[in-house]
Each structure stands twice: as structure tokens, then as C-alpha cells.
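Subject: Handing over the structure

Dear colleague,

Here is the structure I promised to pass on to you, with the sequence alongside. My notes on what was found follow below, so please open both before reading further.

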Amino acid sequence: MLKNAMFAALAAITTVATAAPVLAKDVTVRYGDLDLASAKGQKELSRRVDRAAKVACDFEAENRIPSYSAMTCYHQARAKASTQVATIVEDARLGG
């Protein structure tokens, strides 16, 4: 029984360690030229954020399928950015 508990604890630690890769690079997404109060501007910002997340995480390295860590990094970067984008879009919508 103790062996199973130790194995489960080790598996949980390994999962946490591999599920949180460090972003390879900081990438700046410029949006000053976009009208974020419009659907078109919001769609373009989303496209730019998506591209930046892929660059930051080395998601599209030449001639290879993205690794598990690159895919995890990309999804985490997108999730983190979505909160920031929502705030920026809401400020634009309110005239700020």
C-alpha cells in the first residue's frame, strides 16, 4: 500500500513538472493600430496573439511536429494571454 502511495505522489510531481514548461522567449504583441472595439480588430489581435504564442514556444520549428512540451507551452501561453486580451478589449469597448 505504501509503495502505491509513493508511486502516485511521484507521478503527480512528474506531471506538475512537465505540465508547466517555461516559455522559450518573451514576445511582444503590438495592437495600437487595431480598432479593438470592432470584431475585425479583435479577430486580428487574436491572430497576432496566436502567432506570438507559437513563436514564444517554438511551436512551429522547421520540419517537425510540435513536441508535447511545445504544445503545452502554447496552450498555456494562449490561456494566459486570453485574460490580458479580454481586459484590453473591454477597455477599448468602454472607450479607454
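Aspartate 58 is a good place to begin: with a relative accessible area of 38%, this residue counts as partly exposed, because buried is reserved for values under 20% and exposed for values over 50%. Please keep in mind throughout that the model is a predicted one. Aspartate 58 sits in the loop between H2 and H3, and its phi is positive, about 55°, although the residue is not a glycine. Most residues other than glycine have a negative phi.

The residue just before it in the sequence leads to the disulfide. One disulfide is counted, formed by cysteine 57 and cysteine 73, whose sulfur atoms are 2.1 Å apart, and that separation qualifies because the cut-off is 2.5 Å. Cysteine 57 belongs to the loop between helix H2 (39-56) and helix H3 (68-93), whereas cysteine 73 belongs to helix H3 itself, so the bond ties together parts that are 16 residues apart in sequence. The link is left-handed, with -70° about the S-S bond, and both cysteine 57 and cysteine 73 are buried.

A second link joins that loop and that helix. A search of the whole structure finds one aromatic pair, made by phenylalanine 59 and tyrosine 74, with 4.7 Å from centre to centre and 35° between the planes, an arrangement classed as tilted. Phenylalanine 59 lies in the loop between H2 and H3 and tyrosine 74 in helix H3, so that the pair links distant parts of the chain, 15 residues apart. Phenylalanine 59 and tyrosine 74 are both buried.

Turning to helix H2, you will find that it has 18 residues and reaches 26 Å from its first C-alpha to its last, close to the 26 Å expected at 1.5 Å a residue. Its buried residues are Gly41, Leu45, Val49, Ala52, Ala53, Lys54 and Ala56, and these buried residues pack against H3. As general background, an α-helix has 3.6 residues a turn, so residues three or four places apart point the same way.

Which residues does lysine 54 contact, once its neighbours within four places in sequence are left aside? They are Phe59, Glu60 and Tyr74, and two of these names, Phe59 and Tyr74, have already appeared as the partners of the aromatic pair. Lysine 54 is found in helix H2 and is buried, with a relative accessible area of 18%; it is counted so because the limit for buried is under 20%.

Helix H3 also carries serine 82, which counts as partly exposed at 42% relative accessibility. The C-alpha atoms of serine 82 and serine 46 are separated by 8.6 Å, while the two residues are 36 residues apart along the chain.

Finally, there is the matter of empty space. The largest pocket holds about 410 Å³, and 18 residues line it, of which Val27, Val29, Ala77, Ala81 and Gln84 are the closest to its centre. H2 and H3 each supply at least two residues of this lining, and the largest share, seven residues, comes from H3.

With best wishes

Notes:
Residues numbered from 1 in each chain as written. Predicted model: local features only at pLDDT ≥ 70, side-chain atom pairs only at ≥ 80, totals over all residues. Heavy atoms only, no water. Helix = DSSP H or I, 4+ residues; strand = E, 2+ residues; numbered from the N terminus. Buried < 20%, exposed > 50% of the residue type's maximum accessible area, 1.4 Å probe, protein only. Phe/Tyr/Trp six-rings, centres within 6.5 Å; stacked < 30°, edge-to-face > 60°. Expected span 1.5 Å × (residues − 1). Contact = heavy atoms within 4.5 Å. 1 Å grid on protein atoms, 1.4 Å probe; cavity = no way out; pocket = protein on both sides within 12 Å on 5 of 7 lines; lining within 4 Å. Points joined across faces, edges and corners; volume = space filled by probe spheres on them.
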